[in-house]
Every structure is written in structure tokens, then in C-alpha cells.
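Trainee: Could you take me through one part of this model in detail? I would like to see how the pieces of a sheet fit together, and then look at one loop residue.

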Amino acid sequence: MKKPIIILVAALVLAGGSMGTFLAVKNKKDAETSQSEAMRKDNHLFSFNSDDISKIEFDLKDGSFTTEKSEDGTWKVTEGDDFTPDETYLQLVSTYTSDLTAETSFGKADDSKKAMYGLDDPITIKLFSETDTYELYIGDKSPTGEYYYVMTSEKPNVYAIDSYKGTSLVPDKLILKSKDLTLYENNEIDTITVKNKNGDDYVLTYDPDGQFWDIEKKYELIGADRTAISSMVNNLVRLEAEEMLEENFTDKKSLGFDDPDSQIIIKGLDGKEHSILVKAMKDDDTYSYVLNEDDNQLELYYSSNIALANATVFDYTPKKISGADIYGISGFDIKEGAHSDEFTLSANDRTCTMSGKDVDISNSEGYTLFQNFYNSFSQIPMAGIDIHVKPELEDPVLSVVYHLTDGKDTTLDITNADGKYYIFKDGKYTGAYADETRFEGRSSIEEFYLKFIAYSIK
């Protein structure tokens, strides 16, 4: 009997020991969990709704600035300087700070610790809602580059936040400034004037009533490609600098702004004009310097993004001069080379006479030949624009009088001088010229004319 009792007592002793060990381990784990939870909560520096922030104060290395949100939701600088703030950046500051959590804590700060981590002279960001204030102090970057050291006004410890967020929360004045090339929306611009080195200045104009873009009056006979202009303006108002380089830049000659590639003058419907100068980088024309003459702010852009600087008025035209729509005429008289004919026409009914003789264009062959012939002289591709020359309307190589269905006439004439075919409408030089394409070779007017003549005499 003694042996089983001894075994039972031993088992009870072991069981008691195991229970004690279990309880000790559990208590230690609970304490560690509690401590970890406390640290996690302590590392959670801020928790608020970023949309509630209506004011942010920055105390930076290069100045102190106060930004406030207006009733319309836009941000303005109210103290420190006069510039337009980068609203995207201000929203980023509000968003990042609203749920900012440190990666680790270095314990309670004292003067030596503050000096060690660059928090004795920190960058300060103070955010205000209607009811609360949140204050963040940002010190140095860690030697490994992984963290920024920070403190808050509410907690005594020094913390480390991820350098990705830290970098975003370490601004200077240039970061606070708007990166937009223009501060207007596309329907707030009155005119855009482009002055190029080649002297071909032009003005693009906006009609706020009709809500469309056009080209200034001297190009009205050429016409505007309104889609191309609208596309350019839409890109322009969204364009942001790749880098903000220098404020109050005055040494224009050093970067070539004494002889810029172009000047762009944007006039708003508010009557204010804003001038920018553009100069491609000498060593790498992938980039262009841009100088905003309002405040001499120097910026850097991809040259391809600011293509307006190198565009000519030609880029915003239909690239062709049209005679008259085939469905809007009752006939036309044409003289081209040795050919001269008078046509009557009803495109809708597909009936046609040529110098008094009926020509069958009701079938597919006849109508296709007639269309090719008509389009060859009624859609003249432009080779370029030159409004500085003054060609005379003498001995035209092509002359067409269109008889419109409303009883009026309109004319198209082309003269040749030194290899340029100058285009006239209603007796006036349009400012555009063609090349030899429509006057020589297989795609010439004469070639299509001869094919239609051959069909008409079958």
C-alpha cells in the first residue's frame, strides 16, 4: 500500500509544480501583452478626422507660415508671405497626421535627448479644428535613414516615425507653394498669347458664352481646330512643376532667359495677366526651365509636357483650307491648268452637268470619281502659315467659284510663287500656303480632273 501512496503523492507534487509553472508563464505573458498594448497605444500619436482641419501653422527652417481653409474649401496663406499654397500638400499633411503612429519610442525626453535627436530646434506643424489643436515637432532623420524623430505637445516621449511619412512632413516654403503652372481653370481663361523665337506670335481666345476656343481675327480665314486648343488648355491647367527650383530668380542670362524659347501670357477673365518664360535645358532638352514672372519663381518641367512653348499657330488649325461643302452648293465653275468647266450639281439627288452635258454620278463608279475630283480642290492640305508675306492674286493655278444653295457665291484661288502655293478665299489671302502635292503627280487635282473627264465622255 505504501508504494501506490508514494506514487500518488509524487504525482500531486508534480501536478502542483506544473500548475505553478503554467500560472507563472501565463502571468508573464499577460504582463508582456499588457505592456505591448500600452506601448502600441502610446505610439499612436494622433487620431482625428482630417476633413475637420481648417488651419495649419508651419514653423520651418526658412520661415513661419499660416494657412487657412476658406468657406469655399480652398486654402490660402494668411500669415508669413503672399503666395498660393499647394492644396494637395496641405491635404496630405492633414491626412498623414490624422492617424500618425510611431514605429518605436525612445522614452521620456530631456534636454540632452532633445538635442541628440534634433528636437531642441524642431520643425513644428500645428493643426487646428474647431475644437482641438494637434502639435507635431519633427527633428532629425536617423543615421540609417529609416526614421524621423518626433514629439508631440501631448506626450513626453521621443518617437521614431517611418521616413516615408517623415519626409512628407518636413517641408520648406517651396514645398508649401503651389506647383501649378497656372492658377486658372480652363473656363476662367480669357486669352493665351504665345510668342515664339521665330516671331510667329499668336493669340488663342475663349468665348465664355459659347464656351469654345478660337484663334485671333487675323487667322479667321484659316479657322481654328477647337478640339486641339481645348485639349491643350485642359492639359495646361493641370500641369504641375516637376521641381520648384528657386525663388526670386533674377539672373536670367545664366539660364538663357534673356533669349527664351517662348513667352506664354495667360490672361484670366478676371483681367489679370500672368507671364511665363520657357527655356529648354542646355545640356538635356528633355527638361525645360520655366520662370514665372509674377514672382520670379524658377521651376522645372518635362519639355514634352509644356509643348505649347514650341507650338505654332499651325498646330491649332484644321491643317486644311476648305472650299464649300458638297451638299451646300448648286454648282461651281473651275479653272485649273488647261481645263475650264462649269458644273451644276445636286449631291443629294446625285445629278450633275459638266459644261452643259449630263454626267451620270448616280452609280457608285461615277459618284466616287466625282467625289475624288471635288475633294482634290475643295480640301487643300496646308503646308504652313505665313501671314507676313503679301502675295498677289495674279495668274492663279486654280480658281473655283462655288454657287451656294442660298444664292451667294464663294471663291477659292491658289497662286504659285517660289514653290509655295498661296491660298485665297473670296479674294483675300488666308495666311496659309500649300505645297506641290495637289499640283503635281498622281494625287494632283489635274489627275483626278482627267479621270472624271474620261468617265464623262464614255
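**The open sheet and a loop serine**

Mentor: Happily! In this predicted model, 8 strands make up an open sheet, ordered S11-S10-S9-S13-S14-S15-S16-S12, with antiparallel pairing. At its edges lie strand S11 (212–215) and strand S12 (243–246), each of which pairs on one side only. On average, neighbouring strands of this sheet are turned by 25 degrees against each other, direction ignored. As background, strands of a sheet pair through backbone hydrogen bonds, either parallel or antiparallel.

Look now at the S12 edge. Strand S12 runs antiparallel to strand S16 (residues 297–302), and 3 bridges join the two. Here Glu 246 stands opposite Leu 298 in S16. A helix also packs on the sheet: H6 (residues 226–238) touches strand S9 (189–196), strand S10 (202–207), S11 and strand S13 (262–268). The direction of H6 makes about 110 degrees with that of S11.

Next, your loop residue. Ser 355 sits in the loop between strand S20 (351–354) and strand S21 (357–360). With a relative accessible area of 47%, Ser 355 counts as partly exposed, because that value falls between the 20% and 50% cut-offs. Setting aside neighbours within four places in sequence, Ser 355 is in contact with Ser 340, Asp 341 and Glu 342. With Asp 341 there is also a polar contact of 2.7 Å, joining the two side chains. For a sense of distance, Ser 355 and Asn 416 are 61 residues apart in sequence, and their C-alpha atoms are 27 Å apart in space.

Methods. Residues are numbered from 1 along each chain as its sequence is written. This is a predicted model: local features need pLDDT of at least 70, side-chain atom pairs count only at pLDDT 80 or more; totals for chains, interfaces and linings use all residues. Side-chain values use heavy atoms; hydrogens and water are left out. Two strands pair if DSSP finds at least two bridges between them. Helices (H or I, at least four residues) and strands (E, at least two) are DSSP runs, numbered from the N terminus. Axes are lines fitted to C-alpha atoms, for helices over the stretch in contact, and angles run from 0 to 180 degrees between N-to-C directions. Contact means heavy atoms within 4.5 Å. Buried means under 20% relative accessible area, exposed over 50%, partly exposed in between (1.4 Å probe, protein chains only). A polar contact is a pair of N or O atoms within 3.5 Å; within protein, one must be able to donate a hydrogen and the other to accept it, and residues adjacent in sequence count only if both atoms are side-chain atoms.
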